[in-house]
Each structure stands twice: as C-alpha cells, then as structure tokens.
Amino acid sequence: MNKKVISLELANSSNKGFTTNNKSIYYPNSIREVTDSDVKKALSDKESKYYTYKGKKWEVGIPGANGTGGKERDYGSQLFETQFAIALCKLVEYEQEQISLVYGLPATSIYNESIIKSINKLCGKYEVYEGIRKRTFTVEKIKVLAQPIGTLFSLVYDINGNLRKGLDPRKKYLIIDIGWGTTDLVEVSLTSGLGEMDTLNEAMSDYNRQLLNLVDMKYPDKNVRNLYKQLYDFDNDLREYSSLNVRGGQIHVSNIQDEIKQVNHEFAKRIYDRLNANGWDFSSYNNIILTGGGCKKLEKTIKQVFPKQYGNDILLVDDPVLANPKGFYIFGRKHFRI
Ligand SMILES: Nc1ncnc2c1ncn2[C@@H]1O[C@H](COP(=O)(O)OP(=O)(O)OP(=O)(O)O)[C@@H](O)[C@H]1O
Ligand SMILES: [Mg+2]
C-alpha cells in the first residue's frame, strides 16, 4: 500500500495542493456539471479533462472563471466534497493510495468547530474518474491548519523539513497574505500559535479592477473594459505576456507603468494604514512575511511604503503562490511521520 502526505487548500480563486516528488496543483476554483455530449466533444480535445464523481461529470478549473469559492463556502456540501475529491485525484499517482491530509483554512475560520467537523467528515474511500481513468484512494487522516501556519513552515523549513539558517519558528512573525479575494494579516509563531488577525476584503481582484479602470480611462478608444470582462484574464495577460490584447493592437505593460505604480502604492498604503490604525506593533515581529500571489507584485511597494526601519525585516516567502501547501506538506510529514 502507498502511504503519502498530501496538502490541500481550496481558496477563493484557486485550488492549491502539494505532495511527494514536488507534485503540485494550482488551478481556478471553478466547477460545472457537464453533459455526456460535452464529454464526447472533449474526447477529441487533448487539453480537456472531465472528472466523474458519484455518477456526475464535472469540468473544473475553467480558465477565465473567477472561482466559485469564497469565504461563505459550505464545507459540508456535496459540491465541496466533489471539489475536494477531484483535487485529490489530480495529486494521487498510484492505485489505492492512503492519504494523510493537511487541509489549510483561512485563519479566521480555524476556530469554527462546525467547519472543522465538516472537513474531518471527508475521511474515507474515494473513487474518481479522470477522463476514463479510474482513481481510487483513501483519506485516512485529516489535520486542519490555519493558512499562515503553512507560510511559516515554508519559511523556516526547506522541503525536506530541515531548518533554514537564521529563521526561528518560535519567534513571532507577521504574515501578510495577499490573495485574489482577501488580504489576511496574521500574527503567528509556532510556540504561541495564531495571535492577532485581521482580514481586508480587498485583494488582487480589486487591484485588477482598479488598474483596468485606469487603463480604460487612459485609452478610451481601445475597448479595454469590454474586452476584459474577466479580471482573471486581465491579470493573466499582464503577468504572462506583459501586454493586453485590445482594439487595434496591444498595450504593453511599459505603457501603463504610472497606472501600475499608482495602484500598487494605494493598495500597499491601505494595508499599512489598516495595521497602523489597529495598533499593531511592528517592532514585536522578528520578520514581516509576504505571501500569496499578490505579494509577488506588491513586494517592492510594500517595502517602500512601510517604515524604512523595517525594510530589511520584510521577506517574500519562496514561491508565494504555493507557500501554504508546501508548508503544510512539510508539517504533515513531521506530524504523520511519513
Ligand atoms: N503563476 C503565477 N505566478 C505569480 N503570480 C501568480 C501566478 N498565478 C497567479 N498569480 C497571482 O496570484 C494572485 C492570486 O493569489 P493567490 O493564488 O494567492 O490567491 P488565492 O489564495 O486563490 O485567493 P484567496 O487567498 O483570496 O483565497 C493573482 O492575482 C495573480 O496575480
Ligand atoms: Mg490564499
């Protein structure tokens, strides 16, 4: 029998996971039920993959969709179970694997007994078809952790669980996690666990909306707003291709530097103001840790906007998008001794 640790985080915009051999998943958190004729079409298309779970067929990770996740998600629902089963199916490799799972919840949900109970109920045997290929696996144990604990593990340990130089998990860290839907501010140390926490309902979806509006105002004849109805596509084109496809050609990222600077600056300032207004004591943290996909973009500006004396203490975690699942995997191998 194959035993392994898998980590999973089904977040606002995306589903993320990590397991042995550096295998990871990261895809939009969107799902829709499909019909037999959709599936027939898909058989001629190598890129498409449909999943079958409990007799129903599903398409997941639909590009361009902004995700069906969100803070209000129902962890006890059949839909959540389906998303859970499909995400795991993407991470198993062999028949009948036995999974010890670490699941990452937003810090603000971690004291919610009914959510933890719902997630623990997901233990059991699964049968999922990926296309026509059957996968069976068993979730034997589940440990639920708060997302910033994942970042902390990613920061202080390497992927083999060895301590990295100069970082002490017992010290107190301030984690700033900029995602798609929310920005989470959490104080954490391994000895005292989670401390103060706060959530801003402003993150990369808002960032992209603001930037899109500014670009649209700068180029009123380029039809930008209509061409980018999905903010995720706007974000993706700027990140992957450094340009936007608009009426009459392209807008290169170098043409909108002022707009990007403005949005970066305003967003970083709001994060700082929020921390400041709530009286967070920056000097009590060993480091301020930046994580989540948004921090890749905001790192430089945050370092400029936050008081200069903390400049050297602000660190961007490795691989900010997958830092949580990687950290949970490291935790899981220690915790489950696998
Ligand atoms: N491959 C990538 N490399 C770098 N940044 C990326 C990549 N893919 C997505 N991003 C950025 O990550 C951002 C989303 O962050 P993240 O994946 O941490 O959100 P999330 O965890 O799904 O959302 P939330 O935390 O709100 O639930 C996007 O705005 C995008 O700019
Ligand atoms: Mg996140």
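Colleague: On the side of α8 away from its buried residues, which residues are exposed?
Modeller: This is a predicted model: local features need pLDDT of at least 70, side-chain atom pairs need 80 or more, and totals for chains, interfaces and linings use all residues. Residues are numbered from 1 along each chain as written, with chains lettered from A and ligands numbered from 1 in written order. Exposed means 12 or fewer other C-beta atoms, placed from the backbone, within 10 Å of a residue's own; buried means 20 or more; partly exposed lies in between. On that side, the exposed residues are D258, K261, D273, N276 and A277.

Colleague: Where do the buried residues of α8 fall, seen down its axis?
Modeller: The buried set is V263, N264, F267, A268, I271 and L275. Directions are taken from the helix axis to the C-beta atoms. The buried residues fall within an arc of 120 degrees, so they line one face of the helix.

Colleague: What covers the buried residues of α8?
Modeller: Helices (H or I, at least four residues) and strands (E, at least two) are DSSP runs, numbered from the N terminus. Contact means C-beta atoms, placed from the backbone, within 7 Å. The cover includes β10, β11, β12, α5 and α9.

Colleague: At what angle do α4 and α10 pack?
Modeller: Axes are lines fitted to C-alpha atoms over the stretch in contact, with angles from 0 to 180 degrees between N-to-C directions. The axes of α4 (residues 147-156) and α10 (residues 323-335) are 7 Å apart. The angle between these helices is about 75 degrees.

Methods: Contact = placed C-beta atoms within 7 Å.
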